[in-house]
Amino acid sequence: MKPIDPLEHALWSRCVRVLAANWRSGSTVPAGRLYPHQWSWDSAFIAIGLRHWAPGRAAQELRSLVGGQWDDGRVPHIVFNPRVADDAYFPGPAFWRTGFRAGTPPVETSGIVQPPVHAVAALRVAAKLSGEARARFVRSMLPHLLAQSDYLHRRRLDPGTGLVVILHPWESGLDNSPAWDEPLVAVPADPALLTTYTRRDLDHADAADRPTGEDYARYIRLALAYRDHSYDDAWALRSAEFCVADPAFNALWAWSELALADLISLAVTEGLTNRPAESGIAEHRRAARQITVALVERLWSHESGMFHALDVRSGRLQPARTVGGLIPLLLPDLPRRIVDDLVEAACGDAFAVGSGTVHGVPSHDLTAETFTARRYWRGPAWVNTTWLFIQGLRLHGRDRLARALRDDLVRLTSGSGLCEYFDVHSGAGHGSKDFSWTAALMLDLLAS
Ligand code: 2M8
């Protein structure tokens with residue numbers, strides 16, 4: 001599986017070294033100092049890469065994450081490592097206080113979720129395992145993935161749109177994306193909150209790269225409100241100040257529903273489950289189709305030729321063009337004209353993909369006033385979202401562009417290192433240096 005090309009071979013070894021260094025007996029931290037616990041969607045991406053080098057470890061990664069699943073099926077966005085000091089990361093366990101709530105696991109976790117990429121990861125990891133190891137992995141993961149899907153359907157679905165909502169920008173994984181600017185105006189930013197709590201991210205990263213103090217004041221307020229209502233989703237769907245239907249989250253949910261159908265199918269074929277084959281498989285495929293239809297009906301914009309976030313409180317489709325609006329390219333049931341428009345939007349002035357003038361897929365519209373070259377999810381290219389877009393291009397037969405993006409990422413990370421994110425113009429790396437999902441997804445691209 002290791003590449004023969006010397007540049008790719010060297011990059012492969014570097015990726016393996018980063019993943020080995022970030023492994024903490026049972027799971028991988030996104031970055032040694034900035035993120036010293038286990039993160040939800042990071043672990044899915046990490047497992048997708050790890051399976052090429054250490055499939056047993058990839059299986060352990062996902063099993064460790066679902067060890068933090070709640071009785072209601074939510075997979076929390078952070079599973080805290082008890083051996084790490086509470087104040088090493090903010091907000092830590094003392095902030096979330098999930099241990100005081102019934103139905104939470106013995107490990108400390110956060111109370112919000114992240115995009116559900118886990119069924120996709122599990123399906124790909126299962127394909128790399130064999131014999132008893134594969135049987136054990138599929139048997140152990142399937143109930144957790146079904147419960148996660150059930151949680152999203154039962155507790156997070158907005159009946160008005162047929163889409164799930166996020167209740168906090170952190171749930172999107174694209175934390176300070178301009179797509180949340182308008183909904184966040186309704187959330188008062190109280191600077192006094194930042195005197196009560198201390199941000200730890202600024203000990204390890206440049207303040208110019210990270211979300212602002214005002215962003216954090218809003219993040220804290222939203223998390224406190226959810227926590228103080230015992231993480232009750234019925235309350236949140238009615239009353240949370242931030243309630244948004246995000247195209248990327250929903251697309252990844254639909255993608256996971258398809259993977260879940262395939263995983264059930266695999267389990268049935270190999271005699272690993274007593275679940276009646278047809279019901280589960282058909283149900284999850286149908287769910288994926290329904291989500292795709294809802295995405296097109298509710299979040300598609302003819303003007304921009306891409307998907308946009310919907311502020312459920314105001315009913316307004318958000319004007320910001322962000323990478324999240326390109327991620328639905330992953331879905332196989334998208335109408336052909338939408339696939340064409342999405343690729344055109346990605347290759348146009350706003351994202352300039354394939355033009356040779358930018359690296360990866362910019363996280364935000366290059367022509368917008370709100371574009372910033374360095375600040376987190378407001379411009380720079382990330383390997384995970386670029387990788388997701390590549391998966392969509394491959395699915396829809398746009399192999400030449402997929403290949404060009406892949407080769408660009410190989411050159412970028414070989415030159416700038418396995419950083420958290422990159423300036424799309426200069427290619428300079430920002431954030432953490434040895435970032436796990438960058439390493440893992442580069443392994444996946446090198447293997448393909
Ligand atoms: C970033 O988010 C965390 C909060 O969850 C943070 O800024 O402290 C995001 O990039 C998110 O997508 C990612 O999962 C997390 C860990 O890598 O860091």
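Modeller: On a 1 Å grid over the protein atoms alone, a cavity is a set of points where a 1.4 Å probe fits but cannot get out. This is a predicted model, where local features need pLDDT of at least 70, side-chain atom pairs count only at pLDDT 80 or more, and totals for chains, interfaces and linings use all residues. Residues are numbered from 1 along each chain as its sequence is written, and side-chain values use heavy atoms, without hydrogens and water.

Colleague: Which space is the largest cavity?

Modeller: The largest cavity is the space taken by the ligand.

Colleague: What makes the pair between Tyr376 and the ligand a polar contact?

Modeller: A polar contact is a pair of N or O atoms within 3.5 Å. A polar side-chain atom of Tyr376 is 2.7 Å from a ligand oxygen, and for Trp39 a side-chain N or O atom lies 3.0 Å from a ligand oxygen. The protein covers 100% of the 410 Å² of accessible area that the ligand has on its own (Shrake-Rupley method, 1.4 Å probe).

Colleague: Why is Cys243 called buried?

Modeller: Buried means under 20% relative accessible area (1.4 Å probe, protein chains only). Cys243 has 2% relative accessibility, so it counts as buried. Cys419, at 6%, therefore counts as buried too.

Colleague: How do you know that Cys419 is in no disulfide?

Modeller: A disulfide is a pair of cysteine sulfur atoms within 2.5 Å. The cysteine sulfur nearest to Cys419 is that of Cys15, 12 Å away. By this rule the count is 0 disulfides.

Methods:
Polar contact = N/O pair within 3.5 Å; in protein donor to acceptor, adjacent residues only side chain to side chain. 1 Å grid on protein atoms, 1.4 Å probe; cavity = no way out; pocket = protein on both sides within 12 Å on 5 of 7 lines; lining within 4 Å. Sits in = over half its atoms within 2 Å of the grid points. Buried < 20%, exposed > 50% of the residue type's maximum accessible area, 1.4 Å probe, protein only.
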